[in-house]
Amino acid sequence: MSLAVDAPACQALALLSRFRVEFYECLYARSDALFELTDAVLCADGPVKTLVELSLTAEHRRGHGALYAALDRGWLEPARLRRALASLPLSKAADGRIVLAVDVSNWLRPDAPTSDDRLFCHVYGRGDRKTDQLVPGWPYSFVAALETGRTSWVALLDAVRLGPADDATAVTAAQLHDVVERLTQAGHWQQGDPEILIMMDSGYDVAYLSHALANLPVVLVGRLRSDRVMLRDAGPARSTPRGGRPRRHGGVLTFAKPESWHRPEVTTATDTTRYGKAEALAWDRMHPRLTHRGPWLNHAKEELPILHGTLIRLVVERLPGDRDPKPVWLWCSATAATPADVDRWWQSFLRRFDLEHTFRLLKQTLGWTAPKIRHADSADLWTWLIIAAHTQLRLARPLAEDLRRPWERPAEPRRLTPARVRRGFRNIRPTTARPAAAPKPTKPGPGRPPGSKNKQRATRHDVGKTVKRAETIKEHQARRG
């Protein structure tokens with residue numbers, strides 16, 4: 001079932017109320033305080049800057065002490081909330097295909113030596129020195145369903161924090177496998193439906209992920225760096241006087257050397273309103289050269305497979321901001337592509353950037369990274385609360401009115417941005433289900449005696465990986481032995 005933005009208001013209100021009740025049932029400890037905290041995030045005036053200011057909203061009927069205690073000792077069951085998110089109506093492409101995107105967003109905590117499980121997060125430098133930087137923080141891997149057309153809406157389906165002992169590629173493979181399984185169980189994909197598209201950026205090993213998810217009805221599309229090379233098939237085996245093993249790889253296609261390119265099997269040209277003319281070249285049955293490194297070390301005792309796919313080179317006429325357009329190289333795990341397939345793949349990849357708008361909304365408006373939370377478990381709980389808040393905004397799209405500022409442009413009916421829907425959520429909330437109970441009268445505790453000092457120093461934690469990946473087969477076998 002797909003999400004109908006133009007659905008009747010009564011159906012949209014019933015769906016929103018049902019999800020609010022399911023979200024409340026996912027809260028197993030401090031449920032009332034956590035539910036009202038999520039409502040405070042949705043109804044606060046302006047961006048969320050601090051947690052204590054949320055306790056001043058009318059929707060949060062408890063004190064600031066209950067707010068901090070709920071985040072510290074509250075409990076949300078992620079497995080149940082994941083199933084609730086997967087059961088909601090899902091947006092699909094024009095051909096009825098589900099398009100997913102996976103990406104990592106970092107919660108930076110550079111000045112928090114007492115916070116556990118921090119890693120060095122890769123961020124892009126700002127200002128005059130635009131060099132890459134490594135800043136301590138908590139990286140989270142998000143999976144979202146994309147919509148068709150130009151929009152800033154996505155459906156967040158899952159979030160996993162990468163820990164010091166985790167392998168990012170293995171975690172991503174397991175995360176995508178679980179998301180696809182939940183969507184199948186919810187009836188969003190059935191036998192005979194088009195395969196699910198999964199979009200990812202250049203930081204992912206798309207070849208290994210395609211091998212790990214080979215048993216699922218998915219097609220992976222990932223961006224490649226411009227300094228990569230791809231290999232052709234070896235062609236028919238030829239007998240030689242010396243004999244020997246037949247070649248496994250053919251000629252090399254170097255991205256940076258046009259003289260190494262052979263004639264592409266598919267060539268398309270599309271006129272777009274945002275990027276001008278977009279030209280795509282596609283080479284069929286191209287594969288990367290795999291080595292026993294990284295995630296392939298677990299396959300040390302077997303011959304590495306040859307993963308065929310479609311290599312795409314996309315060039316656009318212009319970019320926003322008068323930037324110089326550069327070619328984008330994509331690799332798709334499917335072969336024998338038609339011109340329609342090639343256009344669908346690169347257009348779906350461009351929709352992946354809608355997830356970047358969602359990250360900006362989570363951080364700058366909903367205040368995902370605003371709290372100075374110490375423990376990683378509390379950060380996970382707060383992350384799920386923000387995902388539940390964003391989901392409620394998505395479900396409230398048909399109900400929100402355009403409360404625009406005088407200097408803002410009018411928006412089409414039921415085509416509001418997430419920030420504008422949040423602006424009117426306070427008027428929608430009284431009509432929805434509110435399962436949280438009223439607070440009981442109580443008295444504040446005595447607190448710390450005046451003049452006393454806290455003599456219990458918080459534990460300090462190191463930053464970085466606790467498990468180093470083996471670099472060679474011998475090192476990998478020595479660890480296993």
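In this predicted model, the charges of the chain comprise 74 positive and 53 negative ones, and the mean positions of these two sets lie 4 Å apart. The surface that the chain exposes amounts to about 25300 Å², of which carbon and sulfur atoms supply 50%.

Turning from the surface to the fold as a whole, the secondary structure of the chain consists of 12 helices and 14 strands. The radius of gyration is 25 Å, which is close to the 23 Å that the globule rule gives for 481 residues, and the chain is therefore as compact as a globular protein of that length. Taken along the principal axes, the box that the C-alpha atoms fill is roughly 95 × 55 × 50 Å. Of the 481 residues in the chain, 48% are buried, and among the contacts between residues at least 6 apart in sequence, 69% join residues that are at least 24 apart.

A single residue, T383, can serve as a local example. T383 belongs to helix α9, which spans residues 376–395, and because its relative accessibility is 2%, under the cut-off of 20%, T383 counts as buried. When residues up to four places away in sequence are set aside, T383 touches W107, Y140, F142, A159 and W368. With one of these residues, W368, the contact is also a polar one, since the side chains of T383 and W368 are joined by a polar contact of 2.9 Å.

Notes
Residues are numbered from 1 along each chain as its sequence is written. This is a predicted model: local features need pLDDT of at least 70, side-chain atom pairs count only at pLDDT 80 or more; totals for chains, interfaces and linings use all residues. Side-chain values use heavy atoms; hydrogens and water are left out. Helices (H or I, at least four residues) and strands (E, at least two) are DSSP runs, numbered from the N terminus. Buried means under 20% relative accessible area, exposed over 50%, partly exposed in between (1.4 Å probe, protein chains only). A polar contact is a pair of N or O atoms within 3.5 Å; within protein, one must be able to donate a hydrogen and the other to accept it, and residues adjacent in sequence count only if both atoms are side-chain atoms. Contact means heavy atoms within 4.5 Å. The radius of gyration is taken over C-alpha atoms; the globule rule is 2.2 Å times the number of residues to the power 0.38. Accessible areas come from the Shrake-Rupley method with a 1.4 Å probe; for residues, only the protein chains shown count as cover. Lys and Arg count as positive and Asp and Glu as negative; His and the chain ends are not counted. The place of a charge is taken as NZ of Lys, CZ of Arg, CG of Asp or CD of Glu.
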